[in-house]
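The following exercises concern the helix geometry and residue packing of one chain. Each task is followed by a worked solution.

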Amino acid sequence: ELTPSAAKLAEDTIHYCLKQDHDPRPALTAAAAASNILHLMFNDRYNPNPKFTTAQMRQCLGLLDHCLARYDSIARQWDESKQWELISPMRIQECKERLYFINKVREAAEKTIIRLEQESKSQQASN
């Protein structure tokens, strides 16, 4: 269930993390928070009267994409400036694993939205 406090925490996390522009890791945290919001939106579909439309889900997916693009941009800057060399190999591996996982979640979320859109169109056509 998408509780106001869970949504607020995720939104606050995203806003805070996207203000950080000298380290790619907060953008990855923002992406994870956006994926959490999507998950909560998907779970809301099981309610008798869902609050979220697929358009709102797509908007959140766009935010997730923005966070991932920001991560990629800052990570490239870190590649060029050799900043990655200043953190431990374990932390670098953790970032790679988190990025991989978030990208997989993102792919699944997009497929879910497409399926929900198709179901909605099918229901409208049968009415």
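**Exercise 1.** Leaving aside its neighbours within four places in sequence, with which residues is L61 in contact?

*Solution.* The model is a predicted one, in which local features need pLDDT of at least 70, side-chain atom pairs count only at pLDDT 80 or more, and totals for chains, interfaces and linings use all residues. Residues are numbered from 1 along each chain as its sequence is written, and side-chain values use heavy atoms, with hydrogens and water left out.

Step 1. Locate the residue: L61 lies in helix α3 (helices are DSSP runs of H or I of at least four residues, strands runs of E of at least two, numbered from the N terminus).

Step 2. Apply the contact criterion (heavy atoms within 4.5 Å): the partners of L61 are L38, R106, A109, E110 and I113.

Step 3. Take one of these partners, E110. L61 and E110 are 49 residues apart along the chain, and their C-alpha atoms are separated by 7.4 Å.

Step 4. Assign the burial class: L61 has a relative accessible area of 3% and is buried (under 20% is buried, over 50% exposed, in between partly exposed, with a 1.4 Å probe and protein chains only).

**Exercise 2.** Determine how the span of α1 agrees with expectation, and which residues of α1 are buried or exposed.

*Solution.* Step 1. The expected span is 1.5 Å times one less than the number of residues. For the 15 residues of α1 (residues 4-18) this gives 21 Å, in agreement with the 21 Å between the end C-alpha atoms.

Step 2. The buried residues of α1 are A7, A10, I14, C17 and L18. Because they cover an arc of only 110° around the axis, they are on the same side of α1 (the arc is that of the directions from the helix axis to the C-beta atoms).

Step 3. On the face turned away from the buried side are the exposed residues P4, S5, L9, H15 and Y16. The buried residues of α1 pack against α2 (25-44) and α3 (54-81).

**Exercise 3.** Classify the packing of α1 and α2.

*Solution.* Step 1. The axes of α1 and α2 are 8 Å apart, at an angle of about 155° (axes are lines fitted to C-alpha atoms, for helices over the stretch in contact, and angles run from 0 to 180 degrees between N-to-C directions).

Step 2. The two helices, α1 and α2, are therefore roughly antiparallel (under 35 degrees counts as roughly parallel, over 145 as roughly antiparallel, 65 to 115 as roughly perpendicular and the rest as oblique).

Step 3. Residues of α1 making the contact include A10, I14 and C17, and those of α2 include A30, A33 and I37.
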